[in-house]
Amino acid sequence: MNGPDASASEPDLEVAGLHVLYGGIAAVKGVSFSVARGEIVALIGANGAGKTSVLKALVGLVPAARGSVRLFGRDATGIPTHRRTALGATLVPEGRAIFAGMTVRENLELGAFLKRDPVTLGQRLERVLALVPRLGERLAQAGGTLSGGEQQMLAIGRALMGEPRLLLLDEPSLGLAPKLVAQIFGSIVEIAKTGLTILLVEQNTRLALETAHRAHVLVTGEIVLSGRCSELRDDPRIKAAYLGEAL
Ligand SMILES: Nc1ncnc2c1ncn2[C@@H]1O[C@H](COP(=O)(O)OP(=O)(O)OP(=O)(O)O)[C@@H](O)[C@H]1O
Ligand SMILES: [Mg+2]
C-alpha cells in the first residue's frame with residue numbers, strides 16, 4: 001500500500017502554504033497545518049472563512065493556486081480527486097449529497113465502488129453498521145425519506161464504506177437538532193477510536209473543541225490561532241469571539 005517514499009512517522013495530512021482563488025479573489029491565503037495518524041483536528045471559523053475551500057482543495061475539488069498537500073507521506077498537490085480517494089482521503093461534503101431515490105443499502109454500497117471485492121462488501125457493511133447503528137434499521141428505505149440527521153449518518157456511513165484512512169467532515173452538525181448532533185458526534189468519536197484520522201470542519205465551536213484533539217481557527221482565509229482543544233476552550237479570545245455566539 002505505502003510507496004517507497006511513505007513513512008509512518010509522517011502525518012497523514014500535511015498542508016503547507018495553501019492558497020485557493022476564485023476568479024482572482026483569494027478565499028484561502030497561505031494555510032498550513034498537519035493531522036497525525038489517528039488524530040482529530042478541527043478547523044473552526046465563521047461563515048465564509050474558507051473552511052469548505054480548504055477541504056475541497058485537500059481532495060482536489062478546487063485547485064491549490066499555491067502551496068502543497070501531502071497525503072500519507074506523498075505529494076498529492078496536483079493529483080485528481082479519485083486518486084486522492086484511492087489513497088484514502090474521503091470528503092463528506094456539506095449538504096450531504098446522498099442519492100434520494102436509492103435505498104440506504106444502495107447508497108452505502110456506492111461508497112465501496114472503488115473497492116471491487118464482493119467477498120468483503122458484506123463484512124464492510126457490517127462494520128459500518130456497527131459504527132452507525134441507526135442505518136441498519138433502515139437499509140431498505142429510500143435515502144430521500146431519511147430525516148436530516150439520518151441523511152448525515154448515511155453520508156458518513158457511505159464514506160466509511162470506502163475504508164478511508166483520512167475522513168474530512170464538512171459541518172456534520174449543520175441544521176440538525178441537538179439530539180441528532182449528539183448522536184452523530186458520538187459516532188464520530190467511535191469512528192476515531194478505530195484509528196481513522198479525522199479533519200473536522202465545524203461552525204459549532206463548542207462541539208468541535210469538545211470532540212477534537214487540536215484545532216485551528218480560520219478568519220478570512222488565514223489561520224489566526226491554533227492549539228490543543230483543552231487549552232483553546234479556556235482561551236479568552238475563543239470565548240469572546242466564538243463560544244458566546246456559537247450556541
Ligand atoms: N465557487 C466559488 N466561486 C466564488 N467564490 C466562492 C466559491 N466558493 C466559495 N467562494 C467564496 O470563498 C469564501 C470562502 O467560502 P467557503 O465556502 O470556503 O467558506 P466556509 O468557511 O466553508 O463558510 P460556511 O461556514 O458558510 O460554510 C466565501 O467568501 C465564498 O463566497
Ligand atoms: Mg462551508
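Glu-150 is found in helix H5, and in this predicted model that residue is a useful place to begin, since several of its contacts can be followed one after another.

## Glu-150 and its partners

Is Glu-150 buried or exposed? With a relative accessible area of 6%, Glu-150 is buried, because a residue counts as buried when its relative accessible area is under 20%. The side chain of Glu-150 reaches the backbone nitrogen of Ser-147 at a distance of 3.0 Å. Glu-150 also forms a salt bridge with Arg-134, and the closest N and O atoms of this pair are 2.7 Å apart. Glu-150 belongs to helix H5 (residues 148–161), whereas Arg-134 sits in the loop between helix H4 (118–131) and H5, so the pair ties together parts that are 16 residues apart in sequence. Arg-134, for its part, is partly exposed, with a relative accessible area of 24%, whereas its partner Glu-150 is buried.

A further group can be described here: salt bridges that share partners join Arg-124, Arg-127 and Glu-163 into one network.

## Other salt bridges

How many salt bridges does a search of the whole structure find? The search finds 10 salt bridges, and the table lists three of them with the distance between their N and O atoms.

| Salt bridge | N to O distance |
|---|---|
| Glu-150 and Arg-134 | 2.7 Å |
| Glu-10 and Arg-70 | 3.5 Å |
| Arg-105 and Glu-109 | 4.0 Å |

In the salt bridge between Glu-10 and Arg-70, the closest N and O atoms are 3.5 Å apart. Glu-10 lies in the segment before strand S1 (13–22), while Arg-70 lies in strand S4 (residues 66–71), so this pair ties together parts that are 60 residues apart in sequence. Arg-70 counts as partly exposed, at 27% relative accessibility.

The pair of Arg-105 and Glu-109 has another setting, for both residues lie in helix H3 (residues 104–110), where they are four residues apart, about one turn of the helix. Why can side chains with such a spacing point the same way? An α-helix has 3.6 residues a turn, so residues three or four places apart point the same way. In this helix, the side chains of Arg-105 and Glu-109 meet in a salt bridge at 4.0 Å, N to O. Arg-105 counts as partly exposed, at 36% relative accessibility, and Glu-109 counts as partly exposed as well, at 31%.

Glu-109 can also be placed with respect to another helix, since Gly-122 is in helix H4. Gly-122 and Glu-109 are 13 residues apart in sequence, and their C-alpha atoms are 9.3 Å apart in space. At 43% relative accessibility, Gly-122 counts as partly exposed.

## A nonpolar patch

Helix H3 also holds Leu-110, and this residue, together with Phe-99 and Phe-113, makes a nonpolar surface patch of about 290 Å². Leu-110 counts as partly exposed, with 32% relative accessibility.

## The surroundings of ligand 1

Which residues are the closest to ligand 1? Of the 13 residues that surround ligand 1, the closest are Gly-48, Lys-51, Thr-52, Ser-53 and Glu-94. Sorted by class, the shell around ligand 1 has four nonpolar, six polar and three charged residues.

Some of these neighbours can be described atom by atom. A polar backbone atom of Gly-48 is 2.8 Å from an oxygen atom of ligand 1. From Ser-53, a polar side-chain atom lies 2.6 Å from an oxygen atom of ligand 1, and from Glu-94 a polar side-chain atom lies 2.7 Å from an oxygen atom of the ligand. The protein covers 57% of the 640 Å² of accessible area that ligand 1 has on its own.

Which helix gives the most to the shell around ligand 1? Helix H1 (residues 51–59) does, with three residues. Seven of the nine residues of H1 are buried, so this helix is largely enclosed by the rest of the structure. The buried residues in H1 are Lys-51, Ser-53, Val-54, Leu-55, Ala-57, Leu-58 and Val-59. Just after H1 comes Gly-60, which takes a positive phi of about 85°.

Definitions and conventions:
Residues numbered from 1 in each chain as written. Chains lettered and ligands numbered in written order. Predicted model: local features only at pLDDT ≥ 70, side-chain atom pairs only at ≥ 80, totals over all residues. Heavy atoms only, no water. Helix = DSSP H or I, 4+ residues; strand = E, 2+ residues; numbered from the N terminus. Buried < 20%, exposed > 50% of the residue type's maximum accessible area, 1.4 Å probe, protein only. Near = heavy atom within 4 Å. Polar contact = N/O pair within 3.5 Å; in protein donor to acceptor, adjacent residues only side chain to side chain. Areas by Shrake-Rupley, 256 points an atom, 1.4 Å probe, with all protein chains shown as cover. Nonpolar A, V, L, I, M, F, W, Y, C, P; charged D, E, K, R; others polar. Patch = residues over 30% accessible without salt bridge, like charges linked within 9 Å, V, L, I, M, F, W, Y side chains within 5 Å.
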